[in-house]
Amino acid sequence: MPALTTEAPSSIPRRESKPLMPRVIAHRGARTSAPENTIEALVAAHELGAKFCEVDVMLSKDNVVFLNHDGTVDRCSDGNGAFEDKTAAELLSLDVGSWFSAKFEGTRYPLLSKSVSKCQELDLGLNIEIKHLRKKADDACPADSDTASKEREIARATVLVLQDMEVDLSSLVFSSFSTHALEIVQAEMPEVKRALLVEAIPDDWRSEVKRLGCSSLNFNSKLATQEQVAGLRAAGQECYSYTVNDGARAWELLQWGVSGVFADCPAEIEAYLKEQEEALLEAQGDDPKPVLRVAQPAEPPAEPCERPAKRRPNGVFGAGLGGEVLPAIESNAS
């Protein structure tokens, strides 16, 4: 991480009210320890001490809500083809664990209902991201009518799942890049708090956040400036940043005023933050207001959290949505 040229606050700013989520959220579960968006990843996050997880939801061809991130099943299963073109039965027949390691052979795509039940059992908070269906997260809204309709369908189906369950709604958060999806959950399950996802922080963020009744604005950590975050905090706006797999960067963002970060390796990030806080306390001594320079932070977690590249049975490495080889976790949107 490049040396900073400005002085940082002596500690992470205190919040006057209870934050929407903790300062570190397990991104797609603990996806460096288990296959992403699976029950196993949620359990791993819990075992590592995480208090909150983020997952993605999409619909099968027959309108069953599953955890899944990509538009295809290629990267994270032994199948291929578009996720939305497969029935629930077809999805449940796929192995979504072997690509990660032999230990997880036989892992299946989880239903949202079972995932929520597991989180309730483990006392884990859950950020449910309702997936957008545009090619890029920051494609302009409104999307075309067909895409907008499908995004609303995912949101409506997600709400129906939760309405059929006994769930502590205060432990849930909805988020989406899709304003169409957020409009649905705002109207049909307003008691669950919402977060608007963006890539870069737009100049007109206030109007959309207010219109959708969102508690938080969540943005790409690579595209934000300290000045923008200061503007959000000055306006009283809670904000979270994704995906942060470097301890020094997480510490910097929290000092800027970001409420929390989404991380693929939550335990490592949390451990780094605690080390920095302990170092601050030791350095303060009798001086209550020292100034900490973070130009030379302590050692961050070993190279941004990596996990095995996907390897097919024939030894060919799998590819991401754009055809790229994925030797390590990508820090893309949510």
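In this predicted model, L197 stands opposite N218 of strand β7. The pairing belongs to strand β6, residues 193-197, which joins β7 in the parallel sense over three bridges. Strand β7 covers residues 216-220, and five of its five residues are buried, so β7 is largely enclosed by the rest of the structure.

These two strands are part of a chain with nine helices and nine strands. Of its 334 residues, 51% count as buried. Contacts between residues at least 6 apart in sequence can be sorted by separation, and 60% of them join residues at least 24 apart.

Strand β1, residues 24-27, is another element with parallel partners. Three bridges join β1 to strand β9, residues 260-263, and the two run parallel. Within this pairing, V24 has V261 of β9 as its bridge partner. Two bridges join β1 to strand β2, residues 52-59, again in the parallel sense. Here A26 of β1 stands opposite C53 of β2.

Which residues of β1 lie on each side, and are they buried or exposed? In a regular strand the side chains alternate between the two faces of the sheet. In β1, V24 and A26 lie on one side and I25 and H27 on the other, and all four are buried. Both faces of β1 are therefore covered, since buried residues are found on each side.

R28 sits in the loop between β1 and α1. The phi angle of R28 is near 60°, a positive value in a residue other than glycine. R28 is buried, because its relative accessible area of 0% falls under the 20% cut-off. A second residue other than glycine with a positive phi is N63, where the value is near 65°. N63 is placed in the loop between β2 and β3, the latter being residues 65-67.

Past the loop that holds R28 comes helix α1, residues 39-47, which packs against helix α3, residues 112-122. Two packed helices are described by the angle between their axes and the distance between the axes. For α1 and α3 the angle is about 15° and the axes are 10 Å apart. The two helices are therefore roughly parallel to each other, as the angle is under 35 degrees. Their crossing is right-handed. On the α1 side the contact is made by I39, L42, V43 and H46, and on the α3 side by K114, S115, K118, C119 and L122. By class, this contact has five nonpolar, two polar and two charged residues. An α-helix has 3.6 residues a turn, so residues three or four places apart point the same way.

One of the α3 residues in that contact is S115. S115 is buried, with a relative accessible area of 0%. Leaving aside neighbours within four places in sequence, S115 is in contact with I39, L42, L67 and P110. The C-alpha atom of S115 is 9.3 Å from that of L126, a residue eleven places away along the chain.

The loop between α1 and β2 contains G49. G49 counts as partly exposed because its relative accessibility is 44%, between the 20% and 50% limits. The C-alpha atoms of G49 and A267 are 6.7 Å apart in space, although the two residues are 218 apart in sequence.

A267 falls within helix α9, residues 266-284, one of the elements that cover the buried residues of helix α8. How many of the ten residues of α8 are buried? Nine of the ten residues of α8, which covers residues 247-256, are buried, so this helix is largely enclosed by the rest of the structure. The buried residues are G247, A248, A250, W251, E252, L253, L254, Q255 and W256. What covers them includes α7 (226-234), β8 (238-242), β9 and α9.

The axes of α8 and α9 come within 9 Å and cross at roughly 60°. This crossing is right-handed. From α8, the contact involves G247, A248, A250, W251 and L254, and from α9 it involves I269, Y272, L273, Q276, E277 and L280. By class, the contact has eight nonpolar, two polar and one charged residues. Strand β9 thus has two roles in this account, because β9 is among the elements covering the buried residues of α8 and is joined to β1 by three bridges.

Key:
Residues are numbered from 1 along each chain as its sequence is written. This is a predicted model: local features need pLDDT of at least 70, side-chain atom pairs count only at pLDDT 80 or more; totals for chains, interfaces and linings use all residues. Side-chain values use heavy atoms; hydrogens and water are left out. Axes are lines fitted to C-alpha atoms, for helices over the stretch in contact, and angles run from 0 to 180 degrees between N-to-C directions. Angles under 35 degrees count as roughly parallel, over 145 as roughly antiparallel, 65 to 115 as roughly perpendicular and the rest as oblique. A crossing is left-handed if the near helix is turned anticlockwise from the far one by less than a right angle, and right-handed if clockwise. Contact means heavy atoms within 4.5 Å. Ala, Val, Leu, Ile, Met, Phe, Trp, Tyr, Cys and Pro count as nonpolar, Asp, Glu, Lys and Arg as charged, and the others, Gly among them, as polar. Buried means under 20% relative accessible area, exposed over 50%, partly exposed in between (1.4 Å probe, protein chains only). Two strands pair if DSSP finds at least two bridges between them.
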